[in-house]
Each structure stands twice: as structure tokens, then as C-alpha cells.
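Here are some short exercises to try with the structure open beside you. Work through each one before you read its solution.

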Amino acid sequence: MAGMLEGKVSLITGGARGIGRETALLFAEEGAKVVVSDLNSEGSEETVALINKQGGQALSKPCDVTNTEAVNSLVDFTISSFGRIDCAFNNAGIAPYQIGAQGKRTGDWPEDSVDKMLAINLKGVWACMAAELRAMSAAGNGGSIINTASIAGLAGLAFTSMYVAAKHGVVGLTKTAAIEYAPDNIRVNSVCPGYIETDMTRETMAQRGEQVLSRVPAKRMGQPREIAEMVCWLASDRASFVTGSNYNVDGGFVAS
Ligand code: NDP
């Protein structure tokens, strides 16, 4: 049986680890050619090696999503390497603790941390999406773009204000681009992961895991593969009438 993404060419940012890596592996399993991108080139190359080992086709291309020129080159690289671009997963992101804003209330966020958060988690998603939309629209074959938002894109979450602001922005960008590009048959959707077991959540879970899980109806963390499954479906033609939507994959967190 053909894979869900057989013959498609995909681009994934933040593919060196966590949710991005697992999605790259699943895309390849389902028949897609994958360009794996990340700031962390060593990690991306490891992801590519894992894909090639399982018989898939992948290439690594380092890119900082805050550099619009580099992002444009990344999309060009995807097309020149594999001939087209059909799906993209804009997933690179950081958490407040990575930029000196951990545990800070809104009024105490250093301005530099605010700028970094917006540059990576919001403008970076726009830059990727913009380049992908231009390329897909010019090619005229349609496409599917999925952006990683968060449960923090739907509600306030204390001590993470600019992360929350950026992720709300991603949800809004997604809806707007979906409306604008529906006539080109380009679908744009977002996913909102809950607490997922990756490097990003390791410290939080070590410090207050019990408290976090008490708010999750499923009473466990999610696995990166559980996000990858949703992204893969959204990328595939099985989701052909789905655009401008946002999917929570959160063990019931938002519902509770
Ligand atoms: P990880 O920290 O495991 O992976 C994030 C990846 O993004 C890293 O490889 C990192 O590279 C890369 N990255 C960071 N900044 C940039 C940049 N400027 N340009 C390119 N790549 C960059 O995180 P997750 O897999 O957990 O998270 C992936 C996405 O999911 C993020 O957008 C996150 O906000 C979102 N999310 C995660 C949740 C969770 O519980 N884990 C919950 C909700 C949303 P490097 O290694 O160099 O830092």
C-alpha cells in the first residue's frame, strides 16, 4: 500500500530533535522526500541518517529561521534538490527558559528576550510560510503547510507571556494565510501540542511535573510521535478539505 505522503516533497524546520525529528521520520516512512532543517546542523544530519537508514530520502540544510534570506534559500534548496515543494512543517521554536525569561511575569521580561521570542517563534514562522506560499503558488500544484503553535496559543499561561503572544500569533497567521491561499489550493493549518516529552519540557517536568500532569486529563505527557501523526495527516491529501484549522493534541488539556 502506498504511504500517505508518497511522492511528496516536504520541508521541516526544527528537525534536529523532538517533534520535528519525529515528524521527519514519519513523513519519510509515509513516502515523502524530506529536507530537514535546523540551527543545529549536527542534529539535522542525525535525523537524515536515521531516515536514510530506514530506506527514505532526506537531505539536511541548516537554517536560522530568523534570517529571512536564509529561509528563502532553504525553500530554493528544497526545490532545486527534489524538484518541487508540496508540504512544509514550520516547527522550529524556543521556550522562555532558553532566553533568560524563565519564571518572569509580563512586566519583568527583558526586552532582549521579548525580541528573541518574537523573532524565532512568530516572525520565523511567517518567514518560512511566506517563502513556501510564494513557491507553492508560483508552481500552481497546491500544497499543505502546518505550523506548530501550542496550547499556549489558545489561552494565557502564567510566566510565559511572550511565548503565549507568539503562539497566539501563529494561530492567527495560519487562519489568515489559509483564507488568502485557498484559491491556490494551498491548505494552511496549525497544531497545538500539549505537554510533550522533548528536551524543551525536561526542566519544567523535573521541577513541577506532578503539578503539570494534574491538569492533563490523560494524566501523562504526549510523545513526539503523537504530534507527528496529526501533522502527517494534515500534510496528506486525506485532509483535502481541511484548511484554516487548528488541532489540539494535548491529552484533553484545553478541553478541561
Ligand atoms: P526542541 O527544543 O526539542 O526542538 C526545537 C528545535 O528548534 C531545536 O532543534 C532547535 O535547535 C530548533 N531551533 C531553535 N531556534 C531555531 C532557529 N532560530 N532556527 C532554526 N531552528 C531553531 O523542541 P520541541 O520539539 O519540543 O518543540 C518543537 C515545537 O513545538 C516548538 O515550536 C515548540 O514551541 C512547540 N511546542 C512544544 C511543546 C512541548 O511540550 N515540547 C508544547 C507546545 C508546543 P537547537 O538545538 O539549536 O536549539
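**Exercise 1.** Find which helices each supply at least two residues of the shell around the ligand.

*Solution.* In this predicted model, start with α1 (18–29), then go to α5 (161–181) and finish with α6 (199–213); each supplies at least two residues of that shell. Next, look at the residues themselves: there are 28 around the ligand, and Asp38, Asn91, Tyr163, Ile196 and Thr198 come nearest. Then sort the shell by class, which gives 14 nonpolar, 10 polar and 4 charged residues.

**Exercise 2.** Determine how far the oxygen atoms of the ligand are from polar atoms of Thr198, Ile196 and Lys167.

*Solution.* Take Thr198 to begin with: an N or O atom in its side chain is 2.6 Å from a ligand oxygen. For Ile196, turn to the backbone, where a polar atom lies 2.8 Å from an oxygen atom of the ligand. With Lys167, go back to the side chain, which places a polar atom 3.0 Å from a ligand oxygen. Each of these pairs counts as a polar contact because the cut-off is 3.5 Å.

**Exercise 3.** Work out where the ligand sits and what share of its accessible area the protein covers.

*Solution.* Locate the site: the ligand sits in the largest pocket. Now consider the ligand on its own, with 890 Å² of accessible area; the protein covers 93% of this.

**Exercise 4.** Search the whole structure for aromatic pairs and describe the one formed by Tyr195 and Phe253.

*Solution.* The search gives 2 pairs. Tyr195 and Phe253 are 5.9 Å apart centre to centre, with 65° between the planes, an edge-to-face arrangement. Finally, trace the chain: Tyr195 is in the loop between β6 (186–193) and α6, and Phe253 is in the segment after β7 (246–249), so the pair links distant parts of the chain, 58 residues apart.

Notes:
Residues numbered from 1 in each chain as written. Predicted model: local features only at pLDDT ≥ 70, side-chain atom pairs only at ≥ 80, totals over all residues. Heavy atoms only, no water. Near = heavy atom within 4 Å. Polar contact = N/O pair within 3.5 Å; in protein donor to acceptor, adjacent residues only side chain to side chain. Areas by Shrake-Rupley, 256 points an atom, 1.4 Å probe, with all protein chains shown as cover. 1 Å grid on protein atoms, 1.4 Å probe; cavity = no way out; pocket = protein on both sides within 12 Å on 5 of 7 lines; lining within 4 Å. Sits in = over half its atoms within 2 Å of the grid points. Helix = DSSP H or I, 4+ residues; strand = E, 2+ residues; numbered from the N terminus. Nonpolar A, V, L, I, M, F, W, Y, C, P; charged D, E, K, R; others polar. Phe/Tyr/Trp six-rings, centres within 6.5 Å; stacked < 30°, edge-to-face > 60°.
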